Amino acid sequence: MRRDGRGRGASAAAATALVCALGVTAVPESAYAVPDDPAPRPDAGGPGGPEGSGTTSLEGVRSEIDALYRKAEKATDAYNLARERQTRQEKAIVKIARAVVKAQKEMSGLRKRAGAMARAQYRGGGMPAEARLLLNDDPSDFLNGVTLARKGQQATHGLMSRLERTQAALDRYAASASREWERLDGSRKKKAAAKRQITAKLAKAQRLESRLEKKERERLRRLEEDKARASQAKWLDTGILRELGAGATATGKRAVSFASAQIGKNYVWGAVGPDAYDCSGLTQRAWAVAGRSIPRTSQEQWRLLPKVGIGNMRPGDLIIYYPDASHVGMYVGNGAMVHAPRPGRQVTVAGAGSMPILGVVRPGGA
């Protein structure tokens with residue numbers, strides 16, 4: 001899988017030019033409608049389909065590959081979330097460590113002061129200051145001694161209180177560090193498990209595709225495109241475009257402009273640019289460039305960002321797909337969106353209704 005993002009064909013260049021020439025809301029509706037004479041769906045697998053696939057047609061292979069890539073994308077979300085949490089936990093542990101060093105230095109200084117006070121008392125014969133005052137016959141010395149004794153008591157009390165507080169702080173830091181280490185270990189395990197799932201699903205999907213002949217792989221791509229166009233046409237038939245009218249805000253335009261400029265770059269799971277992206281890496285980076293920080297994963301974007309009705313959707317909004325919120329694209333206007341589809345594909349323009357829509361979210365201030 002190439003990570004340098006240079007695998008751009010003429011179709012990607014044309015799509016880029018189209019977006020740039022027509023503006024962020026000017027992708028033509030006709031680009032996403034079902035053609036009058038769609039290509040026939042061939043039954044190309046033959047009995048048994050590709051070796052070991054358990055399918056009887058190319059459509060079956062397409063469905064199986066699509067399911068594998070969706071499972072890999074869901075695992076990618078889990079991987080990205082675990083990696084983000086791991087980063088936060090590592091920073092928390094570093095912060096705790098710095099606080100511990102500071103508290104230990106303070107504790108060392110306090111112990112030195114306590115030791116100095118103990119030595120001073122020892123040099124005084126070990127007799128408490130109050131007892132020495134009672135044995136003093138000079139009234140003037142007695143009064144001065146009372147003042148000094150009070151100051152000494154206050155200093156001792158203050159020192160002991162600070163020692164106790166500092167020790168309590170060290171105990172809290174130790175407990176916090178222990179909890180963070182446990183969380184960090186959990187995040188690392190989840191990240192590793194998600195990576196194994198991603199690798200396994202992608203490898204199986206790629207094995208299925210590799211067993212197809214060149215003509216079958218091209219027909220497989222056409223099947224994917226046919227399915228997307230049919231879903232888009234069904235969505236457009238609802239009259240949704242008549243409901244959409246609001247233009248993008250300034251920040252929304254910046255986000256759309258950045259996302260559109262990435263067309264042709266490869267999908268790579270876990271990638272956030274600049275040469276490759278996964279689906280939520282693209283949307284997060286686009287909104288970061290526009291000046292808004294949003295969650296890393298499509299599931300967190302769906303959970304945490306404000307939701308808006310599909311009829312109120314405007315360019316820059318994020319469309320969340322599938323019941324498990326495992327995919328996300330950015331709406332760019334006229335029924336189109338930009339997204340990073342899956343491994344083996346590049347960032348592209350597609351119909352906003354080409355996949356099952358779960359809902360729409362809007363980054364704050366979009």
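This short presentation covers a few strands, one helix and three loop residues of a predicted model.

I begin with strand β8, residues 357-361, which takes part in two antiparallel pairings. With strand β3, residues 307-308, β8 shares two bridges; in this pairing, lysine 307 has valine 361 as its partner. With strand β4, residues 318-321, the antiparallel contact comprises four bridges. There, tyrosine 321 is matched with isoleucine 357 of β8.

Let me continue past the end of β4. Tyrosine 322 is in the loop that leads from β4 to β5, residues 327-333. Its phi is positive, about 70°, although the residue is not a glycine. Is tyrosine 322 buried or exposed? Its relative accessibility is 12%, and because the cut-off for buried is under 20%, tyrosine 322 counts as buried.

A second non-glycine residue with positive phi is asparagine 334, at about 55°. Asparagine 334 sits in the loop between β5 and β6, the latter being residues 336-339. With a relative accessible area of 35%, asparagine 334 is partly exposed.

The third loop residue is proline 274, located between β1, residues 266-267, and β2, residues 276-277. The peptide bond between glycine 273 and proline 274 is cis, with omega about 0°.

I close with helix α5, residues 214-236. Its 23 residues, at 1.5 Å a residue, should span 33 Å, and the end C-alpha atoms are indeed 33 Å apart, so expectation and model agree. Buried residues of α5 include Glu216, Leu220, Leu223 and Asp226, and towards the end of the numbering Gln232, Ala233, Trp235 and Leu236 are also buried. In an α-helix there are 3.6 residues a turn, so positions three or four apart point the same way.

Note on methods: Residues numbered from 1 in each chain as written. Predicted model: local features only at pLDDT ≥ 70, side-chain atom pairs only at ≥ 80, totals over all residues. Heavy atoms only, no water. Pairing = 2+ DSSP bridges. Expected span 1.5 Å × (residues − 1). Buried < 20%, exposed > 50% of the residue type's maximum accessible area, 1.4 Å probe, protein only.
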